[in-house]
Amino acid sequence: MQSRIPRQSAHEAQEQGVRHADHGAGPGAELAAVVAGARRRALRDADRQIDTAHLLHSLLESDAEVRAVFGEGPQTARLLGYLVQRSIGYGLRWQSAVEDSDAVPVVTEAAGFSPLAAAGMAYARERAARREGTPCGVDLLAAIIVDPQARAVEVLERAGIDSRALLARLETWTGDPAH
């Protein structure tokens, strides 16, 4: 069976980031691994594209700093529960729809990504470029929750996590969980 999502190695994902150098730094190995995890999740869930919820799940699974942003507690456990249940009921309604928003321009060159996920990848690069760094998981987390219509935001809200408060926390994040 042919995959509906184009396959992309971590090396190819890194090169794609280099081709987008005008939008900031490339994704680096850290985000390439997150994208690879999101791609596997999308394929397993039989979704047409990688969306912001796939990226959120992959970030929580693979990035210790992103987990530190959320901290420990019942909301984080509930968030992971919603993300795990995605393929068995919660989220099935998303399979036939493309994640999109009128708030962001449609990005057409990011094959395999929903428009919001592609815009999030570009925003993560821009966010990192502002601090003259390489995009990291916290940059991508901030990028995928900027648009209130993102699936990642819907999952956060269902888990009882205020996405706007989380975004404000990310704007001042220093890597200190107590911050």
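This is a short guided tour of one protein chain, stop by stop, for use with the viewer open.

**Getting oriented**

Keep in mind throughout that this is a predicted model. Start by colouring the chain by secondary structure: you should find nine helices and zero strands. Followed along the sequence, the pattern reads α-α-α-α-α-α-α-α-α. Next, colour by accessibility; of the 179 residues in the chain, 49% are buried. If you like contact maps, look away from the diagonal: among contacts with a separation of 6 or more, 63% are made by residues 24 or more positions apart.

**Stop 1: helix H7**

Select helix H7, residues 137–144. How many of the eight residues of H7 are buried? Eight of the eight are, so H7 is largely enclosed by the rest of the structure. Click through them in order: Gly137, Val138, Asp139, Leu140, Leu141, Ala142, Ala143 and Ile144. Now show the surroundings, and you will see that the cover over these buried residues includes H2, H3, H4, H6, H8 and H9.

**Stop 2: Asp139 and its partners**

Stay on H7 and pick out aspartate 139, a buried residue with a relative accessible area of 1%. Its side chain forms a salt bridge with arginine 131, with the closest N and O atoms 2.8 Å apart. Arginine 131 is partly exposed, at a relative accessible area of 42%. Add Arg127 and Glu171 to the selection, and you have a network of salt bridges linking Arg127, Arg131, Asp139 and Glu171.

**Stop 3: the second largest pocket**

With those four side chains still displayed, turn on the pocket surface. The second largest pocket has a volume of about 190 Å³. Its lining includes Arg127, Arg131, Asp139 and Glu171, the residues of the salt-bridge network. To complete the wall, add Glu65, Arg130, Cys136, Val138, Leu170, Trp173, Thr174 and Gly175. Which helices each supply at least two residues of this lining? They are H6, H7 and H9.

**Stop 4: helix H9**

Move to helix H9, residues 163–171, and select Ser163, Leu166, Leu167 and Leu170, which are buried. Look down the axis: these residues span an arc of only 100°, which puts them on the same side of H9. The buried residues of H9 pack against H4 (64–70), H6 (115–130), H7 and H8.

Zoom in on the N-terminal end of H9. Aspartate 162 caps it, with a side-chain oxygen 2.9 Å from the backbone nitrogen of arginine 164. Then click on serine 163, which is buried at a relative accessible area of 3%. Beyond its neighbours within four places in sequence, serine 163 is in contact with Ile145, Val153, Leu156 and Glu157.

**Stop 5: helix H8 and two more salt bridges**

Select helix H8, residues 151–158, and begin with arginine 151. Its side chain meets that of aspartate 51 in a salt bridge, at 2.9 Å from N to O. Aspartate 51 sits in the loop between H2 (28–44) and H3 (52–62), so the pair ties together parts that are 100 residues apart in sequence. Are these two side chains' residues buried or exposed? Arginine 151 is buried, with a relative accessible area of 9%, and aspartate 51 is buried too, with 1%.

Now go along H8 to arginine 158, which forms a salt bridge with glutamate 154, the closest N and O atoms lying 3.5 Å apart. The two residues are four apart in H8, which means about one helical turn separates them. Both count as partly exposed: arginine 158 has 42% relative accessibility, and glutamate 154 has 25%. To compare with the rest of the chain, display every salt bridge; the count comes to six.

**Last stop: Thr76**

Finish in helix H5, residues 74–85, by selecting threonine 76. Threonine 76 counts as buried, with 13% relative accessibility. Setting aside neighbours within four places in sequence, threonine 76 is in contact with Phe70 and Gly71.

How values were computed. Residues are numbered from 1 along each chain as its sequence is written. This is a predicted model: local features need pLDDT of at least 70, side-chain atom pairs count only at pLDDT 80 or more; totals for chains, interfaces and linings use all residues. Side-chain values use heavy atoms; hydrogens and water are left out. Buried means under 20% relative accessible area, exposed over 50%, partly exposed in between (1.4 Å probe, protein chains only). The arc is that of the directions from the helix axis to the C-beta atoms. Contact means heavy atoms within 4.5 Å. A polar contact is a pair of N or O atoms within 3.5 Å; within protein, one must be able to donate a hydrogen and the other to accept it, and residues adjacent in sequence count only if both atoms are side-chain atoms. On a 1 Å grid over the protein atoms alone, a cavity is a set of points where a 1.4 Å probe fits but cannot get out, and a pocket is an open set with protein on both sides within 12 Å along at least five of seven lines; lining residues have an atom within 4 Å of a point. Grid points are joined across faces, edges and corners, and a volume is the space filled by probe spheres set on the points.
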